[in-house]
Amino acid sequence: MGKGDRPKADFSDVESGSSSTAPSPAGRSYTVQKGDSLSKIAKREYGDAQQWRKIYEANRDLIANPDLIYPGQVFQIPEA
Amino acid sequence: MIRRYPAVLLLAATTLAAPGCKKSSDAGTPATSTETATAQASITEIQLGRHLSADKRVSDATTEFSPRDTIYAVALTQGSSPNATVTARWTYEEGGQVVKEDSRSIAASGTEATEFHISKPSGWPKGKYRVTLTLNGSTESKDFEVK
């Protein structure tokens with residue numbers, strides 16, 4: 001064992017938690033199906049394809065390009 | 001999972017041809033991806049301490065802790081993200097041994113405070129630690145020490 005090879009500390013009993021002033025994301029989730037686009041999902045969920053950006057903004061961490069979504073992705077659908 | 005992989009690829013290829021534009025006839029044309037988006041939430045400050053106030057801010061900021069302390073890290077964020085994930089990664093010493101990693105989904109609007117805390121009933125090993133908080137690709141870190 002080298003000079004710098006100290007035994008690892010044991011953190012197995014660490015307890016943790018979290019809270020926030022921000023609420024949890026509202027709305028429901030939707031799993032992308034074959035042939036979907038954000039506008040199609042918006043039309044289905046809100047009755048208005050123009051609302052696609054709302055879904056895009058709520059899922060920016062999952063959507064790098066609004067033109068590229070993939071079957072199986074699970075998006076949060078914000079309240080209308 | 002492995003047997004279904006080719007099918008998933010096929011489905012993905014199909015959906016690639018169905019962009020997130022407003023009309024299907026616009027397929028292949030980028031939607032409004034060049035439009036300016038609403039300012040995304042990002043971390044503006046990290047607070048460290050032993051106690052929180054009612055507004056979830058640290059009430060006694062410090063970077064030095066005792067082995068029996070509960071350690072609070074607060075991410076102050078600014079901006080709007082209806083569905084964002086704040087991640088806290090606690091590491092120990094230079095080797096970066098992971099102490100704990102937690103995340104929390106938030107609907108951020110304006111200024112928000114999201115706190116993470118850790119405790120260790122058997123006592124923290126003395127030494128240097130770091131907490132790294134991440135939100136929407138913005139990462140902030142803060143070092144602290146247990147003496």
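Here is a chat between a trainee and a mentor about this predicted model.

Trainee: Let's start with chain A. How do its elements run from the N terminus on?

Mentor: Begin with the tally: chain A has two helices and three strands. Now put them in sequence order. From the N terminus on, they run β-β-α-α-β.

Trainee: Which residues of helix H1 in chain A are buried?

Mentor: H1 of chain A spans residues 38-46. Part of what covers its buried residues is strand E2 (28-31), along with helix H2 (52-58), both of chain A. The buried ones are Leu38(A), Ser39(A), Lys40(A), Ile41(A) and Ala42(A).

Trainee: And what follows H1(A)?

Mentor: Look just past the helix for a residue whose phi is positive, near 75°. That residue is Gly47(A).

Trainee: How much of chain A counts as buried?

Mentor: To be buried, a residue needs 20 or more other C-beta atoms within 10 Å of its own. Chain A has 80 residues to test against that. The share that counts as buried is 30%.

Trainee: Over to the largest nonpolar core. Which element gives the largest share of it?

Mentor: This core has 25 residues, and Ala73(B) and Leu133(B) touch the most other members. Strands E3 (71-92), E4 (97-119) and E5 (127-135) of chain B are the elements that give two or more residues to it. The largest share is 10 residues, and it comes from E3(B).

Trainee: What does Leu133(B) touch, leaving out residues up to four places away in sequence?

Mentor: Leu133(B) is one of the two residues that touch the most other members of that core. With those sequence neighbours left out, its contacts are Ile43(B), Ile46(B), Ala73(B), Ala75(B), Val86(B), Thr87(B), Ala88(B) and Glu140(B).

Trainee: How many residues are in the other core, the one that lies apart?

Mentor: Look to chain A for some of its members: Ile41(A), Trp52(A), Ile63(A) and Phe75(A) are among them. Ile41(A) is also one of the buried residues in H1(A). This core's count is 12 residues.

Trainee: Lys56(B) has a positive phi although it is not a glycine. Is Lys56(B) buried or partly exposed?

Mentor: Most residues other than glycine have a negative phi, so a positive one is worth a look. Lys56(B), at about 65°, is in the loop between strands E1 (42-49) and E2 (64-65) of chain B. Because Lys56(B) has 19 C-beta neighbours inside 10 Å, it counts as partly exposed.

Trainee: Where is Glu93(B), and what is its phi?

Mentor: Glu93(B) is partly exposed, with 15 other C-beta atoms within 10 Å. Its place is in the loop between E3 and E4 of chain B. Although Glu93(B) is not a glycine, its phi is positive, about 60°.

Definitions and conventions:
Residues are numbered from 1 along each chain as its sequence is written. Chains are lettered from A and ligands numbered from 1 in the order in which they are written. This is a predicted model: local features need pLDDT of at least 70, side-chain atom pairs count only at pLDDT 80 or more; totals for chains, interfaces and linings use all residues. Helices (H or I, at least four residues) and strands (E, at least two) are DSSP runs, numbered from the N terminus. Two residues are in contact if their C-beta atoms, placed from the backbone, lie within 7 Å. A nonpolar core is a set of buried Ala, Val, Leu, Ile, Met, Phe, Trp, Tyr and Cys residues joined through C-beta atoms within 7 Å.
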